[in-house]
Amino acid sequence: TPSLIISQATPANGILQLNSTSITTTIQALTLKGTGGIYLKGIQSDLAAGNSVTIDSSSGIELTDSDAKQSWLYIEPKVRQTGTAAFDAIYASAAYESLGDGSTGEGNNMLRFTYDNNNIFRIDTLGNLYASGSFKSDSTASSTFAGDLDIEGDVNIGGGDLYVDASSGRVGIGTTGPSSKLDVVGSIEQDGETYTTTLSYGSNI
């Protein structure tokens with residue numbers, strides 16, 4: 001049985017409002033603690049428009065620290081599992097009977113990030129990943145990718161070690177400006193023979 005129930009038939013500004021008057025303090029406007037976690041149900045009936053759950057700042061209210069890292073949303077789970085237990089820091093499971101074609105937005109997505117209203121990253125409901133920037137890894141360990149890799153744009157690996165020009169369909173090895181279908185700057189070894197002359201092959205190869 002809930003300890004607190006707040007109910008209002010037609011709330012004009014929400015049924016519960018908590019205000020913190022100063023953003024320069026570390027006082028939390030709302031603290032929720034419980035041994036069983038926190039359960040939030042966004043809607044109780046069909047929602048014809050708008051968002052189910054929105055977390056937003058008031059207009060003009062910003063993060064203002066000058067010499068430390070701040071996060072608008074910070075999640076720090078503490079985990080100590082054993083046996084065959086499994087863990088997800090963030091878990092989203094969407095269940096839908098039907099979807100629109102997504103044409104009024106950026107498709108139908110499980111996750112989407114924007115910056116200044118520009119799309120930078122999204123994962124659609126089919127598991128396809130779209131990113132507007134470069135793909136970079138901070139790890140030197142080997143990794144395995146399973147599935148097709150469809151890239152819209154140039155591919156640059158190792159600062160020109162391997163380069164694919166998407167607009168011309170040319171591939172460069174050792175160069176980011178391939179002048180032919182395959183442009184190799186450096187040595188090539190074939191059947192034990194090493195060729196050191198810069199080679200540029202045309203479209204027939």
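Student: In which segment is A94 found?
Tutor: This is a predicted model, in which local features need pLDDT of at least 70 and side-chain atom pairs count only at pLDDT 80 or more, while totals for chains, interfaces and linings use all residues. Residues are numbered from 1 along each chain as its sequence is written, and side-chain values use heavy atoms, with hydrogens and water left out. Strands (E, at least two residues) and helices (H or I, at least four) are DSSP runs numbered from the N terminus. On that numbering, A94 is in the segment before strand 1.

Student: Is A94 buried, partly exposed or exposed?
Tutor: Buried means under 20% relative accessible area, exposed means over 50%, and partly exposed lies in between (1.4 Å probe, protein chains only). The relative accessibility of A94 is 47%, so A94 counts as partly exposed.

Student: What separates the C-alpha atoms of A94 and M110?
Tutor: Along the chain, A94 and M110 are 16 residues apart. In space, their C-alpha atoms are separated by 7.4 Å.

Student: How many strands does the protein chain have?
Tutor: The elements, taken from the N terminus on, run β-β-β-β-β-β-β-β-β-β. The chain has zero helices, and its strands come to ten.

Student: What percentage of the residues of the protein chain count as buried?
Tutor: The accessible surface of the chain is about 18600 Å² (Shrake-Rupley method, 1.4 Å probe; for residues, only the protein chains shown count as cover). Carbon and sulfur atoms hold 48% of that surface. Of the 205 residues, the buried share is 6%.

Student: Among contacts between residues at least 6 apart in sequence, what percentage join residues at least 24 apart?
Tutor: A contact means heavy atoms within 4.5 Å. Of the contacts in the protein chain between residues at least 6 apart, those that join residues at least 24 apart make up 3%.

Student: Which residues does G174 touch, not counting those up to four places away in sequence?
Tutor: G174 lies in the loop between strand 6 (170-173) and strand 7 (182-184), and it counts as partly exposed because its relative accessibility is 43%. G174 and V184 are ten residues apart in sequence and 6.2 Å apart in space, C-alpha to C-alpha. Beyond the four-place limit, G174 touches G160, D161 and V185.

Student: Near what value is phi of N117?
Tutor: Most residues other than glycine have a negative phi. In the loop between strand 1 and strand 2 (118-124), D116 has a positive phi near 50°, and D116 is exposed because its relative accessibility is 61%. N117 is in the loop between strand 1 and strand 2 too, and N117 counts as exposed at 74%. Phi of N117 is also positive, near 65°.

Student: Which side chains meet in a salt bridge?
Tutor: A salt bridge is a side-chain nitrogen of Lys or Arg within 4 Å of a carboxyl oxygen of Asp or Glu, and the whole structure holds one. One partner is partly exposed because its relative accessibility is 46%, and the other is exposed, with a relative accessible area of 70%. At 3.5 Å, N to O, the partners are E76 and K78.

Student: What is the accessible area of the nonpolar patch that includes I55?
Tutor: Patches are made of residues with over 30% relative accessible area and no salt bridge, joined within 9 Å for like charges and within 5 Å for nonpolar side chains (Val, Leu, Ile, Met, Phe, Trp, Tyr). I55 is in the segment before strand 1 (109-115), and it is exposed because its relative accessibility is 60%. Together with L40, V53, L63, W72, L73, I75 and I90, I55 forms a nonpolar surface patch of about 890 Å².
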